[in-house]
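Student: I'd like to work through this one step by step. Let's look at the model first.

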Amino acid sequence: MKIDRILGIIIYLFNHDKVSAKTLAEKYDVSVRTIQRDMVNIASCGIPIYSDNGKNGGYSILSTYKLKNTNIKNDEQQMIIKALETLSTSYTNHTLDSIIEKYNSIIGKEGGQRIFWDFGVTKENQQVQNVNKTLEQAITEKKYISFHYRNASGKESDLTVEPLAIYYKWYAWYLFAYRDEKEKYYTFKVARMKDVEILNKKSMADHGDIEERMKESEQNYYKTCINIEVHFQEQESGLIQEYFPDCQIEKMMNGVCRTFIGVPAKERLWKALLLSFGDRVKVVAPEEYKKELIDTARNFLSNYDS
């Protein structure tokens, strides 16, 4: 639509010092002549558009003509825009790109950027991003989906669920859904979902406040967590606090400390994390989890001549 294009051009000019008509024409898939007419319309609205002719010419907006947000401090503005940009590294959505560009035009760029975050290591792969698009469509259309799933224990199954929400947590994307046959809410890790298809079956159920259902489901999930007692030397306290910031450290005798780590009963990540400490930590209880960790270490070593 013309009005959307004109608004987009204004926002784009807010974020760039000078832009050629050719660049704008290619960006919005119109002719240079159409861009020229758009500039006349923008100027007629009172926005000071300047045009420089020549090889390096282009259109620009007076630098002092910026929308200001006086209610948000500059540091807060930096945090907001970086949070949006970080989200865009793990979730491909053109709406996010639009939000970032609009917010950049609102806050301006005075003082330069002083906060830099690199979340590249947590970026989801293209397969996850493609599945997210499918899930978003199914949720919007209130349609069921089918998919092949492999859980944390390696068990595989074919499922049909009603998707309710997708969310980013623990450096990964998750689907919150409802299974009719179980009459229960479930959470699925998107990276473990394969062959996702939208079905013609539509949902007529009213689940109420989805965010509340998610909180209830998460609370039930945490009830399945197991407290693992870990002992370590006092000099390792800093490292333990770095990896487990919510754990309380208790000093014992002979410079030994202990803490209790709550881990999900069916997840394997905690094993890798504890094993990464090597001989600097010792799992004391419960006995079955201590044995499980020992078996994991032995199985790992069995692949090597040691």
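Student: The charged end of Lys-27 sits over which ring?
Tutor: First, this is a predicted model: local features need pLDDT of at least 70, side-chain atom pairs count only at pLDDT 80 or more, and totals for chains, interfaces and linings use all residues. Residues are numbered from 1 along each chain as its sequence is written, and side-chain values use heavy atoms, with hydrogens and water left out. A charge sits over a ring if NZ of Lys or CZ of Arg is within 6 Å of the ring centre and within 35 degrees of the ring normal. For Lys-27, the charged end is 5.6 Å from the centre of the ring below, which belongs to Tyr-28.

Student: How many helices and strands are in the chain?
Tutor: Both kinds are DSSP runs numbered from the N terminus: helices are H or I with at least four residues, strands are E with at least two. Going by that rule, the chain has 10 helices and 11 strands.

Student: And what share of the chain's residues is buried?
Tutor: Buried means under 20% relative accessible area, exposed means over 50%, and partly exposed is in between (1.4 Å probe, protein chains only). The chain has 306 residues, and the buried share comes to 34%.

Student: Does length fit for a helix? What do the ends of H6 show?
Tutor: The expected span is 1.5 Å times one less than the number of residues. Helix H6 covers residues 126-141, which is 16 residues, so it should span 22 Å. That agrees with the distance between its end C-alpha atoms, 23 Å.

Student: Which residue follows H6, and what is its phi?
Tutor: Inside H6, the buried residues include Val-128, Val-131 and Leu-135. Right after the helix comes Lys-142, with a positive phi near 55°.

Student: How many residues of S5 are buried?
Tutor: Side chains in a regular strand alternate between the two faces of the sheet. In S5 (residues 172-179), Ala-172, Tyr-174, Phe-176 and Tyr-178 point one way, while Trp-173, Leu-175, Ala-177 and Arg-179 point the other. Both sets are buried, and the count is 8 of 8.

Student: How many bridges join S5 to S6?
Tutor: Two strands pair if DSSP finds at least two bridges between them. S4 (residues 156-169) runs antiparallel to S5 and is joined to that strand by 7 bridges, with Lys-169 partnering Ala-172. S5 and S6 also run antiparallel, and their bridges number 6.

Student: In the hairpin of S5 and S6, which residue takes a positive phi?
Tutor: Next to the turn, Arg-179 stands opposite Lys-184 in S6. The hairpin has 4 residues between the strands. The positive phi, near 50°, belongs to Glu-183.

Student: How many aromatic pairs are counted?
Tutor: Rings of Phe, Tyr and Trp (its six-membered ring) pair if their centres lie within 6.5 Å; planes under 30 degrees apart are stacked, over 60 edge-to-face, and the rest tilted. By that rule the count is 8.

Student: What kind of pair do Tyr-149 and Phe-188 form?
Tutor: Both residues are buried. Their ring centres are 5.1 Å apart with 80° between the planes, which makes the pair edge-to-face.

Student: Why does that pair tie together separate parts of the chain?
Tutor: Tyr-149 lies in S3 (residues 143-150) and Phe-188 in S6 (residues 184-189). The pair therefore links parts whose separation in sequence is 39 residues.

Student: Why is the pair of Tyr-186 and Phe-188 classed the way it is?
Tutor: Phe-188 is buried at 4% relative accessible area, whereas Tyr-186 is partly exposed at 23%. Arg-179 also lies over the face of Tyr-186, 5.2 Å from the ring centre. The centres of the two rings are 6.2 Å apart and their planes make 25°, so the pair is stacked.

Student: What is the strand order in the open sheet of 4 strands?
Tutor: The pairing in this sheet is antiparallel. Its edge strands, S9 (250-251) and S11 (281-285), each pair on one side only. The order is S9-S10-S8-S11.

Student: Which residues does Val-284 contact, neighbours within four places aside?
Tutor: Val-284 is in S11 and is partly exposed at 28%. Its C-alpha is 6.9 Å from that of His-231, although the two are 53 residues apart in sequence. With contact meaning heavy atoms within 4.5 Å, the partners of Val-284 are Glu-229, His-231 and Lys-290.
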